[in-house]
Amino acid sequence: MSPTHAGASASIMDLPSRREFLRRVGSGLVVWVVLRRTAGAQVSEAAHPTRFIPKAADDFNAFLSIGSDGRVTCFTGKIEMGQGPVTSLPQMLAEDLDVSVDAVDMVMGDTELCPFDAGTWGSMTTPVFGKIWRAAAAEARGVLLELAADALGVPVSQLAVRDGVVSDTRDASRKITYGQLAGGKRIERRLTVKPSVKSPGQFRVIGKPLLRRDSRDKVTGRALYSGDLRLPGMLYARILRNPAHGASLRTVDTSAAAAIDGVVVVQEPGLVAVLHPLPDVADDALSKVRAQFDPSPSKLDDRNIYEHLEKQDLEARVVSHGGSLEAGRAQAARRYDQKYLGSYVAHAAMETHAALASVQQDKATVWASTQNPFGAREEIAGVLGLPIPSVRVITPFVGGGFGGKSFNLQAVEAARLSRATGRPVQVMWTREEEFFNDTFRPASVISIQSGLDSAGRIAFWDYEVRFAGDRAVAHLYDIPNHRTTAIGGFQGPPGVHPFGVGAWRAPGSSNNAFARESHVDQLASMAGVDPIEFRLRQQNDTRLERVLRAAAEHWAWTPAKAPSGRGLGFACGSDADAYVAAIAQVEVDAKEGRVAVKRVLLVQEMGLVINPAGARIQIEGGITQSLGYALSEEIHFKDGAIQDLNFDRYRLPHFSELPRIETVILDAPDLSAKGGGEPSVILMGALIANAVYDAVGIRMLQIPITPARLKAAMAAKATA
Amino acid sequence: MPETIAFRLNGKPVKMSVAPDRTLLWVLRADLGVTGPKYGCGIAQCGSCTVLVDGRAVRSCSVDVKSVQGSEVTTIEGLEREGKLHPLQEAFVAHDALQCGFCTPGMILTAYDLLRKRPNPTREEVVAGMDDNLCRCGAHTRIVDAVLEAAAAMRGGLAP
């Protein structure tokens, strides 16, 4: 199982065109799938990290073919970066096509073989693309049944199909396989009428836990990532980087590097690189490049950034409002206003950005670790001045993305260097380059004004978010007088942030959930009501209520008002139209300021679940990953320089810091499939902050909750 | 100046003329085409580049190639024997103990050394033994489960 064509390394030069590929896999039925632009229109700006709206949104999106051997080959522009479509997409296809999952092969993220796709992000693969994918399978099944009816001389209504074999229900000995039906014929059709997919009661494959299909390749080293690919005559490149964002190269002397045997130097506007047939020699050569830079004009650092963000005078956009804030303020018996800060956070995928480019005069082939192969193709074509169809981007396995591989600078660099040297060139960023060039999760400032009425209900809610975007910004609750205002969108206009920012798993949601759920928790405490009970009283959403009650039940929650001293935190939210609720228990080491998370329960309702096993992995992964931004991960910077450039300073969650993790997926097969990969990451900031509050009565207002911040807050409380 | 360095790699003899202070990781990946060991940080902080040198887990990003002179080097490619997965590999598959898979070779080989030293580890010992290997996708809990299951399988007399 490979996300790209089989034998990526051995046959790396042996690149078939789509027509040739189809000839090779055998003639057969082809169903084209059309994904119209509207399908993703409800997703917020943050989910569109590309610089352009896809020009060809009405172009074919994916197709499948059935070979004469009965194997089904699926072509999709989606990519596999660990989130599991290499398993869940075949599962969906197998269900509605009525073939065995094992008969399905995937070709993913190859711009020559796979029709256009706007990118793999935003938890959209299953809920948005999956619908179309299943419809394609259902249509293919319908066409095959018609062919079988002709072949067997019986009406379609008399046929049954299982595992790719169509049989006569009145005479089981009369049967014909999909492979036989497709063999020798080639039928293409567009989806014109909506075919009926199976309903949950008919499912045989969807909803059944299925182990990952790529595991065997990944535990044996056979899985190839972009940096693992080799071409004859290739050079490894190392690129001169600025010491700080905003710094500019004044002088450069590459003579000492060029003197090393075999080193090739490329110097172009905005790109100075040294290349060699061995990567470590290229590395040595870079260390011999003498360069002087003019310093960055930026005077921002990780402390003064919030003041800078707050004073940006930008248009405020009211995302939602209702009732009258004036009336709400008048009703408020007690006010609670607060401000919440979120730090810059890195993506820190274990695989750094990598690409291998082979550029000839009029054609470029680039293997890249990207979440956005078609975007990369456009970027590369633009820089090389080639027509878009002359550029082919192929996506091998991607070693983690989390939004950070939506831009494709490394692929552009590899392509430029290949053209400049006339040889294949691999660019694999060092970890330091990865941190420096990352498009961080933006720092944000969220201000909330609110009040409780005399009955202890929220009388008004005035929410203003700066630079955390508008995704999952809704307050979730039943509040009579409210307003939600977004300033600066997710990324803000150029110049607001001192370096690149971009989508980070569930863009903006984690910062918004941190602010909202921290604030609601404090209001519950002020009202003297248990935090779950307070939320239950304050909502009128049955899906939200369901996850709240399920969390309390699975935890065996004993109600108490916070701070109870138990160290129990609660938070809930909604993202990608899924609902999540979580409970955590922490221990606070007051002397060291350390928070030890002992146990986390997360309940998720995500509509129809395609692969419960895969969904569970994603939820566990989301919980584990999000401990980082809640407790330890943040980017320190000064005057344009990034100070956390490797894992010695930027601390990811370690094995020893992990809590006991429990996940519950609520059954909701009658709801359409919702996003599954991102909702579980949004709660951890508030969850830990609320648990810390419950433990020691201190309200933490910035994530991550580092020992330094917690100690400072405790010292401030002690002197107060 | 190049020197002749000889060692065994995944059971096969290797003899190469190479600058002795070159980094083992790059010699494996570029010169020898063995790409199972991954580059993750370059400063021995993440464990993605882990290989076995005479059975001991070593971070290949931080040792010279001359340090394996005369040794047996095993990468993830060498763990499978005659088409049969090692119990650790089996357990990682059975537990879905990976997502993107980039840290997986290093995880498995680190666990291999751990189980060599402690064939019957407690959960806490597995956690401590794996603590300096990083995974960004968050497969940690499953990795610990997989290592414990592999340990049990190996004690049960299955392939070493």
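**View 1. Helices α4(B) and α5(B) come within 10 Å of each other, axis to axis, and cross at roughly 120 degrees.** Everything shown here and in the views that follow belongs to a predicted model. The crossing of α4(B) over α5(B) is right-handed. On the α4(B) side, look for B:Arg123, B:Val126, B:Val127 and B:Met130; they meet B:Ile143, B:Val144, B:Val147 and B:Leu148 of α5(B). Sorted by class, this contact has 7 nonpolar residues, 1 charged residue and no polar ones.

**View 2. Helix α1(B) is largely enclosed by the rest of the structure, because 7 of its 8 residues are buried.** The buried residues are B:Leu24, B:Leu25, B:Trp26, B:Val27, B:Leu28, B:Arg29 and B:Ala30. Their cover comes from both chains: it includes α7 (279-287) of chain A and β2 (12-18) of chain B. Just beyond the helix, have a look at B:Gly33, which follows α1(B) and has a positive phi, near 70 degrees.

**View 3. Chain B meets chain A through 45 of its residues, which are in contact with 48 residues of chain A.** Several helices of chain B take part: α1 (24-31), α2 (87-94), α3 (104-117), α4 (123-130) and α5 (140-155) each supply at least two residues to the side that touches chain A. That side of chain B is made up of 23 nonpolar, 16 polar and 6 charged residues. Two of these helices, α4(B) and α5(B), are the pair that crosses at roughly 120 degrees in the opening view.

**View 4. Chain B, taken by itself, has 5 helices and 5 strands.** If you trace the chain along its sequence, the elements come in the order β-β-α-β-β-β-α-α-α-α. Its radius of gyration is 15 Å, close to the 15 Å that the globule rule gives for 160 residues, so chain B is as compact as a globular protein of that length. Along the principal axes, its C-alpha atoms fill a box of roughly 45 × 30 × 25 Å. Buried residues account for 58% of the 160 residues. Of the contacts in chain B between residues at least 6 apart in sequence, 59% join residues at least 24 apart.

**View 5. In chain A, helices α2 (residues 85-97) and α3 pack with their axes 7 Å apart, at an angle of about 35 degrees.** This crossing is right-handed. From α2(A) come A:Pro85, A:Ser88, A:Leu89, A:Met92, A:Leu93, A:Asp96 and A:Leu97, while the residues on the α3(A) side include A:Thr125, A:Gly130, A:Trp133, A:Arg134 and A:Ala137. Counted over both helices, the contact has 9 nonpolar, 4 polar and 3 charged residues.

**View 6. The largest nonpolar core holds 256 residues, and A:Leu93, A:Val366, A:Val580, A:Ala582, A:Ile688 and A:Val692 touch the most other members.** Helix α3 (residues 125-152) of chain A gives the most to this core, with 11 residues. You may recognise A:Leu93 from the previous view, where it is part of the contact between α2(A) and α3(A). Leaving aside neighbours within four places in sequence, A:Val580 is in contact with ten-odd places worth a visit, among them A:Val547, A:Cys572, A:Leu602, A:Val603, A:Pro679, A:Ile682 and A:Leu683. For the wider setting, chain A has 18 helices and 29 strands, and 56% of its 720 residues count as buried.

Note on methods. Residues numbered from 1 in each chain as written. Chains lettered and ligands numbered in written order. Predicted model: local features only at pLDDT ≥ 70, side-chain atom pairs only at ≥ 80, totals over all residues. Core = buried A, V, L, I, M, F, W, Y, C linked by C-beta atoms within 7 Å. Buried ≥ 20, exposed ≤ 12 C-beta atoms within 10 Å, placed from the backbone. Helix = DSSP H or I, 4+ residues; strand = E, 2+ residues; numbered from the N terminus. Contact = placed C-beta atoms within 7 Å. Axes fitted to C-alpha atoms, helices over the stretch in contact; angles between N-to-C directions. Left-handed = near helix turned anticlockwise from the far one by under 90°. Nonpolar A, V, L, I, M, F, W, Y, C, P; charged D, E, K, R; others polar. Rg over C-alpha atoms; globule rule 2.2 N^0.38 Å.
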